Amino acid sequence: MRYRFVAALAAIAALLAPAARADQAPKGVKGLYLLSDYPAVTLRPGETSSVSLRLQNYDMAPERLGLAVSGVPSGWKVTLMGGGQPVAAAMPATNSSVSLDLHLDVPKSAAIGTRTFTVTASDNSTKLELPIAVTLAKELPAKLTVTPQLPELRGNLRASFSYTLDIKNDSGKKLIVGLAAQTPQNFDASFTQQYDSQELNAVPIDAGQTKDVKLKVTPPNTASAGRYKVVARVSAEGASATADLTLDITGQPRLDVSGREGLVSTRAVAGKQTSVPVVITNTGTAPADDVELDGSAPSGWKISFNPKAIDRIAPNAHKEVQALITPTDKAIAGDYVTTIRASSRGESASTTFRVTVTTSTLWGIAGVGIIGVALLVMVGAVARFGRR
Amino acid sequence: MRREGSAFSGLGVVMLKELSDHLTSVRMRVLEWLVVLVALAALYGAVQQIEDTTAQDPFLFLRLFTTSRDPLPSFVSFISFLVPLMAIGLGFDAVNGEYNRRTLSRILAQPIYRDALLFGKFLAGLVTLAISLITLWLIVIGLGLLLIGVPPGGEEIGRSFLFLFVTIVYAGVWLTLALLFSVLFRSPATAALVTLGVWLFLMFIWPVLAGAVAQIIAPPDPRYLALGLQTPATAVTEQILARLSPSTLFAEVVVALLDPTTRSLGPIYLSQLQGAVLGAPLPIGESMLIAWPQTVGMIASAILVFVVGYVIFQRQEVRA
């Protein structure tokens, strides 16, 4: 923007100095020119294309120029178009240009090779010629490249692995680029745009443009630690490119607390210690170190463990400890909930055990004793007061 | 003065005779009909209520005993009210009736000891009550099966059977009391009135009085009052006093046996409930343990009351 502004200022300054000379005619250039940006193009047989031309007038009086195309191979249709219709002459004003389109219709049967024909613009005095070379190739090579910005990612199972891929369309036209990823089994891969959650199967890319696409890979919960290869593949019209990506899944211990054979209930007598087998399983993908055990129970209860801690549990292995639960003396009969926790460096698991507290039968026996005493009193009374 | 032979010779004769007298007496029949009709009404009310309201209950059958529907009280309340009446009705003229008919000395002229006479009368009364209560229990179970259509589980049968046993014990307590007064008072009318008076007092007045007496013995703490709570000491005292009444003991036993979620019959501190799974049923053994002290209290008091009556009877002049 700024440069353009500066350029405009310079142009104005240049104009002001030689007292309002006509348009932006470059110094020293004068005359009529027939121009084209790309006078040599490549096409496929059976294709229609157009080459843009320009008839430029520098510092000359306007002049009518007749237009013609010569040397057109047989079977080809070549038409000069201007303003949307076929034209046969053009008349550029001084220091101005007229745009022309050369419409090419190449038959399917045209032979491979380069053909040249000439566009002529002429009046009585001037004759402008512009040779246009058309190369017929079997196929225009569509070309794609894909470059990952960060090809190696690392994280644990819960992390998400997002790769940003730069996809470049190196071919001469707009392509619909299909996206695919080849992942290990049960991995989930999805493509999205950089800041969009919509998943994509294909993305259109203009000729010569680059687009950033995000590939998100989600490993399954069951994936074990290790390096995994993911191949991202982009393809369009026969062209394809791949990028090798790497997932480095670091292992994560995951603990699970349970009773032996899944039994999470036990019986305990009030005031008496009872031991419950607790099985701690590491269902994760890395060994769990320094597993500490902890329990919470109603107030007045005691929970300890034998052993108190476990040094190491390998993945998919389990260790058994004894939880020693002592209900308080004052516990009334019935079911209580205790929670037993195992934790290993930020990873923890817990489960609730139901403890059925039974009370001591001592008082029941005492009751029997009381009835016995009452019966003894009766026997005594019978013996003492019984009459003949 | 050593006695020859067993003190219980002639016990069987006395018991069978008394039993046949009881079972054929008009008094017994009236009492039986009263109990059966009232129990059926309560049962009908309970079944209606269960059909209306209960969606799912692991102890549906026990609800037959404890559910009430206005204006009728529940089966259990009827039982705790009518069983003493039946026991008193059977026992109030056991000894003084014989005395007034001048048959006591005639019986004792037979080779029957006084021990056997009193034991026989008590056992006959108890067996009569047991027969009617077992019948009533079977009626309830049978009608429950018919009306609800859900078979009772083993634990429910066990619990209701224990309930039957405790009810018989409860009847025994009142029977021994009636026997005691029939020994004490020469006039059956006096004995009946005094026994009924004691029953009314223990059943209706004492539970109310116990609260008032407890407030005198252990005055409530104003700090608890300010919080709107009962002072623990007062609550405990009130409960100890109220438990002097057999009907309180019976009610507590029934709650423990027929409501499996009952964990304790005394006051509980909140700290004791921390972590407790509320509403979880107790195993039947634990419920028995909870109800056992009350049951022991009833059995022992029945024996002691009987012993008192026995001692008095042994020292009494029986010749008219």
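User: Before looking at one helix of chain B, how is a helix, and the span expected of it, defined here?

Analyst: The expected span of a helix is 1.5 Å times one less than its number of residues, and helices (H or I, at least four residues), like strands (E, at least two), are DSSP runs numbered from the N terminus. This is a predicted model, in which local features need pLDDT of at least 70 and side-chain atom pairs count only at pLDDT 80 or more, whereas totals for chains, interfaces and linings use all residues. Residues are numbered from 1 along each chain as its sequence is written, while chains are lettered from A and ligands numbered from 1 in the order in which they are written. In this structure, helix α4 of chain B (residues 75-91) has 17 residues and reaches 24 Å from its first C-alpha to its last, close to the 24 Å expected.

User: Where in α4(B) does a kink lie?

Analyst: The bend at a residue is the angle between axes fitted to the seven residues ending there and the seven starting there. In α4(B), a kink of about 25° lies at B:Leu82, shortly before the proline B:Pro84.

User: How many residues of α4(B) are buried?

Analyst: A residue is buried if 20 or more other C-beta atoms lie within 10 Å of its own, exposed if 12 or fewer, and partly exposed in between, with C-beta atoms placed from the backbone. By that count α4(B) is mostly covered, with 12 of its 17 residues buried, including B:Val83, B:Pro84 and B:Ala87. Over chain B, 40% of the 320 residues count as buried.

User: Which residues touch the most other members of the largest nonpolar core?

Analyst: In soluble globular proteins, nonpolar side chains tend to be buried together. A nonpolar core is a set of buried Ala, Val, Leu, Ile, Met, Phe, Trp, Tyr and Cys residues joined through C-beta atoms within 7 Å. Here the largest core has 104 residues, of which B:Ala87 and B:Leu175 touch the most other members, and its largest share, 15 residues, comes from helix α8 (residues 154-184) of chain B.

User: Leaving aside its neighbours within four places in sequence, which residues is B:Ala87 in contact with?

Analyst: Two residues are in contact if their C-beta atoms, placed from the backbone, lie within 7 Å. With those neighbours set aside, B:Ala87 is in contact with B:Leu129, B:Ala171, B:Trp174, B:Leu175 and B:Ala178.

User: How many residues of chain A are in contact with chain B?

Analyst: The contacts join 31 residues of chain A to 33 residues of chain B, and the largest share of the side of chain A that touches chain B, 12 residues, comes from α2(A).
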